[in-house]
Amino acid sequence: MKIAVIASVVLALAGAALGFALSGNDSPAKSGIESLWSAAAPAYTESPDSTSVNVGLRFHSTVAGQIVGIRFYKGSGNTGTHVGSLWSASGTLLNSVVFTNEAPTGWQAATFATPVDIAPSTTYEVSYLAPHGHYAFSDNYFKAAYQSGDLVANQAKPQEANGAYKYADRPAAPVVASPRASNYWVDVLFKPSSATSSFTLPSVTPGSGSPTPSASSSPSASASPSLSRSATPHAGAVTGPAGGYVKPGTVGYLGSKSALKVYQPGGAAPGGCSWQSYGLRCDQTNLTLDHVWIKGSFYWTGSGRLTISNSIVWGGTGDSWYAVLGHPDSSGAIDSTIEVTDSTVEWMPGQTMPPGEDVGPIWSAYGNQTLIAIRDDLSGMPQGIDPTAGSIIRDNWIHGLVQTGTASTPAHLDGIFSQGGGNITIEGNYVDAPVRSDVTAAIYIQDRGATDTGISIVGNYLNGGAFNLRNQTGIKVDVRNNTFANSVWGTVGDLTGYPGTYGTWSGNVTLDGAAVTSP
């Protein structure tokens, strides 16, 4: 494994330093340098996701050669220090480069101080760290392989997906497959071994700005191979069609239960935690729990960030009414984050919830903790999840809602119920709520005291409720590429007299493919 001393420049400077010219309509294939994309552009230049994440793709070459650098497409909100990485198929870091002197938007490029030799027909992975999210993407891009010159972006298959990511605040191999075979627009600069052109990599001073190019020979026209195959992406690659949601049973904790550390009432507890009549209580700041099975409710009073990953949490200990509860010292502004990924959170099998409660598996007592739920299986309670300001609810299976009230005083049931807060991302979820009138909606936006902006509802499967979607207080809510399934009265059930409005509304369809029009 080698982290190289590196140089980076915006695309034109990188090309000049390597002895070839690049522009929006020019291919790196000139002078023997190849890349997957030249003039192509993302369907969406900026995701609303603001979490630090590594995004990447798997590729191979049909011939031997060298990876001399990395490039990625940047939207205006994709800020911070970007780090490009090249990995083996097994996740071994082969080289890394920090991007400097970036342009505000468009393609950025960075070159390795030492190129990396790659073998033909061997899969590698290229990624970059977007420390503030807002990465570019196009969904359903790798349903077929994409080839440009000698480079091939692999087709997404069940046994080997393409388009991958890993949430982290530092470079990490993007091992999580995109359920929508998304292209995150990261690319390589590749020099085939047979290329006749030569160049000298720019000299680098660590920590300096633009590199100083050393002398290099300019390739002749005869030495510049043209693309031998079409680089046109497959049909539908630059659209975001509905149907990109996760499927039931494909998310949550899917590993062996024997790999989990079990915590149950009366038994052991993680360091700094203790069992109480109301569940496992932890008071730490920035607590991380990975590969645990909490057979009882979990109560966190700490600050900073609670991270639960690859785990199972059951609600239902003693007199508790929650599964995962964040309970800060007081109400007020957002002061902490609860992040649950790749986990199953549900009410304890065989146990009955206390009557009249209408909470979800992941709950903030005062609504002042950001919730991040990604690839979770959430079930067995009246609500699926209640996102707060800045929350990210992505690629979850929400199902098995339970009515804890009576016929005369039913509890409030919804798949996803936002009771206040802006800048919420709801994306790629499979929401399966009961098709009953006591369920307001599969997704319900209702702030009790204000209106909210920056809410996006993209690529979800919405089943159940009196209506599939109700928006009472969200302003210019972005609704794209969702599939509206069964309901009692219709797809969208907004009531007059409320200020809720919609912004972008496109690509939304029913189960039979009919367009769902904006209210």
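**Exercise 1. Strand β3 and its partners**

Which residue of β6 does G69 stand opposite? Work this out in the predicted model, and then describe how β3 is covered and paired.

*Solution.* Begin with the register: G69 stands opposite T111, a residue of β6. This facing pair belongs to a longer match, since β3 and strand β6 (residues 106-118) are joined by nine bridges and run antiparallel. Next, turn to β12, with which β3 pairs over seven bridges, again in the antiparallel sense; here I70 of β3 stands opposite V188. Finally, consider the cover: strand β3 comprises residues 65-74, and nine of its ten residues are buried, which leaves the strand mostly covered.

**Exercise 2. The surroundings of β7**

Decide how many residues of β7 are buried, and identify which strands pair with β7.

*Solution.* Take accessibility as the starting point: seven of the seven residues of β7 are buried, so the strand is largely enclosed by the rest of the structure. The next step is to sort the side chains by direction. In a regular strand, side chains alternate between the two faces of the sheet. In β7, Y124, V126, Y128 and A130 point one way, while E125, S127 and L129 point the other way, and all of them are buried. For the pairing, strand β2 (residues 53-61) is joined to β7 by seven bridges and the two run antiparallel, with V53 standing opposite A130. Strand β4 (residues 83-88) also pairs with β7 in the antiparallel sense, over six bridges, and in this case S88 stands opposite Y124.

**Exercise 3. Two aromatic pairs**

Classify the ring pair Y141 and W185 and the ring pair F417 and Y444, and state where in the chain the partners lie.

*Solution.* A pair of aromatic rings is described by the distance of the centres and the angle of the planes. The model holds 26 aromatic pairs. For Y141 and W185 the ring centres are 5.4 Å apart and the planes stand at 75 degrees; because planes over 60 degrees apart count as edge-to-face, this pair is edge-to-face. Locating the partners, Y141 lies in the loop between β7 (124-130) and β8 (146-148), and W185 in the loop between β11 (176-177) and β12 (186-192), so the pair ties together parts that are 44 residues apart in sequence. Both Y141 and W185 are buried.

For F417 and Y444 the centres are 5.1 Å apart and the planes are at 10 degrees, so this pair is stacked. F417 belongs to strand β30 (residues 414-418) and Y444 to strand β33 (residues 441-445), so the contact ties together parts that are 27 residues apart in sequence. F417 and Y444 are both buried.

**Exercise 4. A ring cluster and charges over rings**

Which residues are linked with Y141 and W185 into a cluster by ring pairs, and over which rings do R71 and R480 lie?

*Solution.* Follow the ring pairs outward: W37, Y73, W107, Y141, F142, Y146 and W185 are linked into a cluster. W107 also has a charged neighbour, as R71 lies over the face of its ring at 4.0 Å from the ring centre. As for R480, its charged end sits over the ring of Y44, 4.4 Å from the centre.

**Exercise 5. An open sheet with a disulfide**

Give the strand order of the sheet that contains β14, and locate the disulfide.

*Solution.* First, the order: the sheet is open and has five strands, β14-β15-β18-β21-β24, with mixed pairing. Its edges are β14 (273-276) and β24 (362-364), each with a single partner strand, so one side of each is left without a neighbour in the sheet. Neighbouring strands of this sheet are turned by 20 degrees against each other on average, direction ignored.

Next, examine the edge at β14, which is joined by four bridges to strand β15 (residues 279-282), the two running antiparallel; Q276 stands opposite G279.

Last comes the covalent link. A disulfide is a covalent bond between the sulfur atoms of two cysteines. The model has one disulfide, formed by C273 and C282 with their sulfur atoms 1.9 Å apart. At 115 degrees about the S-S bond, the link of C273 and C282 is right-handed, and both cysteines are buried.

How values were computed: Residues are numbered from 1 along each chain as its sequence is written. This is a predicted model: local features need pLDDT of at least 70, side-chain atom pairs count only at pLDDT 80 or more; totals for chains, interfaces and linings use all residues. Side-chain values use heavy atoms; hydrogens and water are left out. Rings of Phe, Tyr and Trp (its six-membered ring) pair if their centres lie within 6.5 Å; planes under 30 degrees apart count as stacked, over 60 as edge-to-face and the rest as tilted. Buried means under 20% relative accessible area, exposed over 50%, partly exposed in between (1.4 Å probe, protein chains only). A charge sits over a ring if NZ of Lys or CZ of Arg is within 6 Å of the ring centre and within 35 degrees of the ring normal. Two strands pair if DSSP finds at least two bridges between them. Axes are lines fitted to C-alpha atoms, for helices over the stretch in contact, and angles run from 0 to 180 degrees between N-to-C directions. A disulfide is a pair of cysteine sulfur atoms within 2.5 Å.
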